[in-house]
Amino acid sequence: MNAEQARAVIERVLSRIAPEVDLLAVDPTESLTDQLAINSMDQLNLVLGVHEETGVDIPERDYPKLASVEGFVTYLVARGA
Amino acid sequence: MTPALAVPTAVVDLLVPAPLSAAAVADRAVPTALVVVARQPLVTSPLVRHLAEQHDIDLTRVAGTGTGGAITRHDVENASRLAGGPLHRTNRPTSPRARRLATQLGVDLARIEHGSGPKGSIIGADVLARPRPDSKTPRPLQEVFASDLSPGRDPLRSADAATARTANMRRRTAALMARSKREIPHYFLSTEIDMSEAIGWVRDTNATRFVTERLLAAALLLRAVVIAALEVPETNGHWVDDEFRPASGVHLGVAVSMRGGGLIAPCIADAHTRSLDELMSALRDVVGRVRTGRLRSGDLVDPTITVTNLGDQGATAVFGVIYPPQVALAGFGKIVERPWAEHGLLGVRPIVVATVSADHRASDGQSGSRFLNRIDTHLQAPEKL
């Protein structure tokens with residue numbers, strides 16, 4: 001999976017979890033938590049959604065690496081999803 | 001109250017029959033999505049009330065034109081006509097559920113030629129089998145209940161509609177909370193709970209679990225409340241007709257705030273029969289359904305106690321307002337690191353402030369304290385939850 005595909009997956013899952021979010025307004029380098037008021041349930045659903053689409057099972061200890069969209073993309077590419 | 005799980009606007013799945021008739025809801029002001037009808041309509045005549053029930057008209061939505069704003073027979077007939085007035089259009093025997101569905105879905109009963117009930121009467125399934133006027137967005141109940149709970153893909157989505165929905169929801173929450181504060185003599189208690197054990201246990205457990213089976217600390221809080229509610233029965237039940245009616249099981253309301261503003265408290269029914277894992281998946285499911293706009297009838301039964309959990313985005317403590325006719329509301333702030341002294345030693349621990357708002361008619365501070373202490377005790381032994 002390349003960066004573009006990873007980004008598409010994340011955006012697709014995000015828009016399912018928080019349909020009201022305008023993805024164009026999300027700064028990909030900033031923390032999602034700060035921008036979208038993502039709580040622990042959202043975080044879990046995000047990881048679940050990405051797992052469903054890519055098969056990657058992300059352990060909790062890696063959550064800090066997923067803070068921003070770009071961080072998430074880098075992580076997924078590195079995991080070779 | 002700015003609870004837990006920030007969730008965007010949602011819509012009640014209108015294909016599911018409401019568990020209570022609109023009139024019953026109006027009488028009981030059930031603290032769920034249906035609490036939208038908290039305003040007490042001014043109806044003096046039993047005849048009018050009966051008529052409204054027959055036509056499935058929600059009296060709280062009817063503007064009265066009678067003396068002093070009282071709702072008259074004429075007002076109800078008008079409202080019925082506006083809602084499609086299915087009753088006016090068939091002479092065939094019709095089940096109450098069919099009537100309600102017809103009103104909700106905007107189906108004209110007169111166009112159903114063969115009822116499949118006894119003696120050709122029209123039953124719910126006949127109504128459901130009819131093509132709806134607008135098969136994508138079932139209209140009328142949306143107008144009744146969910147005008148303020150629209151899904152993200154609402155075709156009517158616009159700044160104006162969103163603003164109107166938010167205002168509507170705000171008004172309804174306002175009415176219910178005002179009623180609560182008017183009628184319920186609240187008392188408030190709080191206690192700080194060391195969450196080290198609970199959080200450590202969740203972390204260790206999740207490390208060995210597949211992503212689909214992971215827990216959130218919120219699930220432990222809910223489970224602790226459920227057990228404590230059973231142990232301190234004067235916190236669990238309803239205040240009806242000037243007396244407390246304890247509940248035998250726990251239907252757990254979970255207050256969820258909408259991103260667009262407003263509050264909904266779907267219910268995890270029979271929470272006392274669910275294990276921790278089952279509570280977690282019920283919580284995930286119900287929040288998911290709020291989000292995708294597919295709340296089911298089971299989500300709307302009336303809770304016996306409600307929890308509000310500010311979550312990791314919230315303040316450190318919440319002293320909530322009880323949903324009438326319930327008699328207690330448990331609240332949790334966000335979990336924060338705090339200095340904590342124990343056995344003469346000072347350390348840094350994750351702490352949550354647990355609170356209870358309780359109805360002084362049903363219990364006193366001693367019961368409320370016991371309730372909080374039981375929650376604390378259970379959270380210190382998470383493996384037993």
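## A two-chain predicted model, with chain B in focus

Start with a caution: residues 1-39 of chain B have a pLDDT under 50 throughout, though the model still gives them 145 contacts beyond four places in sequence. The same chain has another weak patch at residues 132-157, with pLDDT below 50 and 64 contacts beyond near neighbours in sequence. This is a predicted model, so keep those two stretches in mind as you look around. Across chain B as a whole, the mean pLDDT is 77, and 71% of the residues get to 70 or more.

**Chain A at a glance**

- Chain A has four helices and zero strands, which reads as α-α-α-α along the sequence.
- The chain has 81 residues, and 46% of them count as buried.
- Take the contacts in chain A with a separation of 6 or more: 57% of those are between residues 24 or more positions apart.
- Its accessible surface is about 3800 Å², with carbon and sulfur atoms supplying 51% of that.

**Chain B at a glance**

- Here you get a mix of eleven helices and ten strands.
- Of 385 residues in chain B, 54% are classed as buried.
- For contacts in chain B between residues at least 6 apart in sequence, 66% link residues at least 24 apart.
- The accessible surface of chain B adds up to about 16700 Å², and 52% of it belongs to carbon and sulfur atoms.

**The β7-β8 loop of chain B**

- B:Q326 sits in the loop that runs between β7 (305-309) and β8 (328-332).
- With a relative accessible area of 0%, B:Q326 is buried, and its side chain makes a polar contact of 2.7 Å with the side chain of B:T306.
- B:P325 belongs to the loop between β7 and β8 too, and the peptide bond leading into it from B:P324 is cis, with omega near 5°.
- That one is worth a look, because most peptide bonds are trans.

**An aromatic pair reaching into that loop**

- Over all chains, the count of aromatic pairs comes to one.
- The pair is B:F188 with B:F319: the ring centres are 6.3 Å apart and the planes meet at 80°, so this is an edge-to-face arrangement.
- The two partners come from distant parts of the chain, 131 residues apart, with B:F188 in strand β1 (residues 186-194) and B:F319 in the loop between β7 and β8.
- B:F188 is partly exposed at 36% relative accessibility, and B:F319 is partly exposed as well, at 44%.

**The β9-β10 hairpin of chain B**

- Strands β9 (residues 336-342) and β10 (residues 345-359) pair in the antiparallel sense, over seven bridges.
- One of the residues to pick out here is B:W340, whose bridge partner in β10(B) is B:G347.
- Two residues lie between the strands of this hairpin, and B:H343 in the turn has a positive phi of about 50°.

**Positive phi elsewhere in chain B**

- Most residues other than glycine have a negative phi, so the next two stand out from that pattern.
- B:D242 has a positive phi of about 60° without being a glycine; look for this residue in the loop between β2 (237-240) and β3 (243-246).
- B:D242 is exposed, with a relative accessible area of 69%.
- B:D270, also not a glycine, has a positive phi near 50° and lies in the loop between β6 (267-268) and α10 (276-292).
- At a relative accessible area of 36%, B:D270 counts as partly exposed.

**B:R374 and its contacts**

- B:R374 is part of helix α11 (residues 365-379) in chain B.
- Leaving out residues up to four places away in sequence, B:R374 touches B:A228, B:E231 and B:V232.
- B:R374 and B:A228 are 146 residues apart along the chain, yet their C-alpha atoms are separated by 5.5 Å.
- B:R374 is partly exposed, with a relative accessible area of 29%.

How values were computed: Residues are numbered from 1 along each chain as its sequence is written. Chains are lettered from A and ligands numbered from 1 in the order in which they are written. Side-chain values use heavy atoms; hydrogens and water are left out. pLDDT is the predictor's confidence in each residue, from 0 to 100. Contact means heavy atoms within 4.5 Å. Buried means under 20% relative accessible area, exposed over 50%, partly exposed in between (1.4 Å probe, protein chains only). Accessible areas come from the Shrake-Rupley method with a 1.4 Å probe; for residues, only the protein chains shown count as cover. A polar contact is a pair of N or O atoms within 3.5 Å; within protein, one must be able to donate a hydrogen and the other to accept it, and residues adjacent in sequence count only if both atoms are side-chain atoms. Two strands pair if DSSP finds at least two bridges between them. Rings of Phe, Tyr and Trp (its six-membered ring) pair if their centres lie within 6.5 Å; planes under 30 degrees apart count as stacked, over 60 as edge-to-face and the rest as tilted.
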